[in-house]
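Please look over the following model and read the notes below alongside it.

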Amino acid sequence: EERAIVTDIPGTTRDSIEEFIDVGGIPLKIIDTAGIRETGEPIEQIGIDRAKAHIENADLVLAVFDAARTLDAADEKIIALLKNKNVIALLNKCDLPPIVTAEDLCAKLPQATVIKTRLKFAPNEDAAHSAREKLAPLVAVLREKCSALELGGADGVISESDRQEYLLRQTKEHLTAALHAAQNNLGEDFVVIDLRGAWEALGNITGETVAEDIIDAIFAEFCIGK
């Protein structure tokens with residue numbers, strides 16, 4: 001979704017963006033923050049301070065490093081913040097001539113799991129995957145890390161009742177949004193999207209999913225845009 005303005009100009013991102021996802025039945029709150037660097041701009045500094053606070057409170061941190069340039073002072077400050085944290089380090093731009101290696105990151109963050117990503121995906125290369133197109137290795141590591149986290153209860157796992165409560169809350173939110181769209185004449189496509197979200201959330205409880213022929217019929221009938 002177009003949730004925030006994104007450019008290649010450093011300091012563009014100021015606000016933290018939050019979203020819930022489901023990884024292997026475990027509900028996660030994902031928070032995307034401003035980058036951490038030295039700045040004299042007061043509004044950007046507020047975003048950086050919030051990013052540091054999120055790192056401090058997070059159960060798991062995904063930190064992105066550029067493999068095509070030397071680690072600078074800003075990177076070293078981020079590494080210092082991550083010393084005692086549970087970390088997945090994403091080493092991006094691995095399709096460019098390497099300057100920073102996975103070994104370099106492991107030496108600085110020995111507790112981190114390092115995953116290589118690349119700007120472009122070559123299907124015959126297994127060493128790295130596209131940050132945009134091939135996220136399966138990252139999702140697998142996320143699932144493994146989340147299963148090991150001490151979340152929810154004393155035994156370190158989230159109970160089935162906790163998971164179902166989360167999914168029921170998601171269902172309620174989708175149904176409320178669908179009802180709001182219908183009552184305010186926002187268009188059938190808005191209603192259908194939230195109804196589908198509610199259906200999928202319930203399907204994660206019952207083990208059923210929305211049949212592809214039903215999805216095809218919905219999209220053919222309402223011509224829902226991306």
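Which residue stands opposite Leu-62 in β4? In this predicted model, the residue is Ile-88. The pair belongs to two strands that run parallel, β3 (residues 61-66) and β4 (residues 87-92), joined by six bridges. Between these strands the chain passes through helix α2 (residues 73-81), and β3, α2 and β4 form a right-handed β-α-β unit.

Strand β4 also pairs with β5 (residues 113-118); four bridges join the two, and they run parallel. Here Ala-89 faces Val-114 of β5. A right-handed β-α-β unit is again made, with helix α3 (residues 102-108) joining β4 and β5 as its members.

The largest nonpolar core holds 19 residues, and Ile-36, Phe-65, Leu-82, Leu-91 and Leu-105 have the most contacts inside it. Two or more residues of this core come from each of α1 (42-57), β3, α2 and β4. Another core, of eleven residues, lies apart from it and includes Ile-26, Ile-88, Leu-142 and Cys-146. Ile-88 is thus a member of that core and the partner of Leu-62 across the strands.

Leu-105 touches Phe-65, Ala-89, Leu-91, Val-100 and Val-114, leaving aside residues up to four places away in sequence. Two of these contacts, Ala-89 and Val-114, are the residues that stand opposite each other in β4 and β5.

As for the cysteines, the whole structure contains zero disulfides. Cys-94 counts as partly exposed because its relative accessibility is 22%. Cys-106 is likewise partly exposed, at 35% relative accessibility.

Notes:
Residues are numbered from 1 along each chain as its sequence is written. This is a predicted model: local features need pLDDT of at least 70, side-chain atom pairs count only at pLDDT 80 or more; totals for chains, interfaces and linings use all residues. Side-chain values use heavy atoms; hydrogens and water are left out. Two strands pair if DSSP finds at least two bridges between them. A crossover is right-handed if, with the strands pointing away from the viewer, the path from the first strand over the helix to the second runs clockwise. A disulfide is a pair of cysteine sulfur atoms within 2.5 Å. Buried means under 20% relative accessible area, exposed over 50%, partly exposed in between (1.4 Å probe, protein chains only). A nonpolar core is a set of buried Ala, Val, Leu, Ile, Met, Phe, Trp, Tyr and Cys residues joined through side-chain atoms within 4.5 Å. Contact means heavy atoms within 4.5 Å.
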